[in-house]
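The exercises below concern charged side chains and how they pair. Please look through the sequence and the model before working through the solutions.

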Amino acid sequence: MDAFWSVKGPVPAGINFCTAFFCFCLVKPRKTPYNSSCMRIAAERDDSLDMGRRRIKSRFSSSVYECFSWIPVGMSLFCCIALLLVRLMAVSGNSMWPTLHNGDLMLASNLFYEPARGDIIVLNKKGFFNSQPIVKRVIGTGGDEININFEDGTVWVNGELLDEPYIAEPTVKAEGLAFPQTVPDDCIFVMGDNRNHSDDSRDPALGMVDTRCVIGKVRLVLPTGRIAEWMKGRFDHG
């Protein structure tokens, strides 16, 4: 039959096709307002998440920048404090050889320092050695009795023979000070490790050194002088 659907009788085939197409359009699924709302909500959530991530990233970047921006300030403060508390000095001469070589660099500090036997110190006594700083080893402190036997080159502190593995040779050079000597309070007795080529407390011009003349204890030695000597030897033999 050519009829698809009728009320009063058969319907022509062309009309049947139009009717079917019209019905199909009526029943075709369409997007509902509910689906559109869901898509908008999802998009808004994505935007919110992106904004949150950007804010967190921005705050993190800002915090990192602030942390690193303090590094130059901290380094500047450290350098200023170091310059006040630590002094960089160069060894000039051989009075402390073989412990120190001419041209070695030293870091000396007087922070919380009390001179002790065996310490290497930098001192400056007005009028001695053109009032220039000198580096020596502390042999005795306040109350110690110092005695030197220049015949056999031995040094005695409080009646005990001093063990001195650091000296270049025995102490046979007298410089005018008579021994034994007792070191006054708040003073020190110093000598160079190169005993027979050192001007030190054996010379009455220096004698017992007031602790207030101490610039600082040598905390660190950079062997720049030894390196220079080694390189010079290499070139001379090369």
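## Exercises on a salt-bridge network

In this predicted model, D200 and R202 form a salt bridge in which the closest N and O atoms are 2.8 Å apart.

**Exercise 1.** Determine whether D200 and R202 are buried or exposed.

*Solution.* Begin with the acidic partner: D200 has a relative accessibility of 0% and therefore counts as buried. Turn next to the basic partner, R202, which is likewise buried, with a relative accessible area of 0%.

**Exercise 2.** Which parts of the chain does the salt bridge between E175 and R202 link?

*Solution.* First establish the contact: the closest N and O atoms of E175 and R202 are 3.4 Å apart, and the two residues form a salt bridge. Then place the partners, with E175 in the loop between β7 and β8 and R202 in the loop between β9 and β10, so that the pair links distant parts of the chain, 27 residues apart. Finally, consider accessibility: E175 has a relative accessible area of 16%, which is under the 20% limit, and E175 is therefore buried.

**Exercise 3.** Locate D199 and K173, and explain what their salt bridge ties together.

*Solution.* The side chains of D199 and K173 meet in a salt bridge with an N to O distance of 3.9 Å. Because D199 lies in the loop between β9 (187-191) and β10 (209-210), and K173 in the loop between β7 (160-161) and β8 (181-182), the pair ties together parts that are 26 residues apart in sequence. As for accessibility, D199 is partly exposed at 41%, and K173 is partly exposed at 28%.

Conventions:
Residues numbered from 1 in each chain as written. Predicted model: local features only at pLDDT ≥ 70, side-chain atom pairs only at ≥ 80, totals over all residues. Heavy atoms only, no water. Salt bridge = Lys/Arg side-chain N within 4 Å of Asp/Glu carboxyl O. Helix = DSSP H or I, 4+ residues; strand = E, 2+ residues; numbered from the N terminus. Buried < 20%, exposed > 50% of the residue type's maximum accessible area, 1.4 Å probe, protein only.
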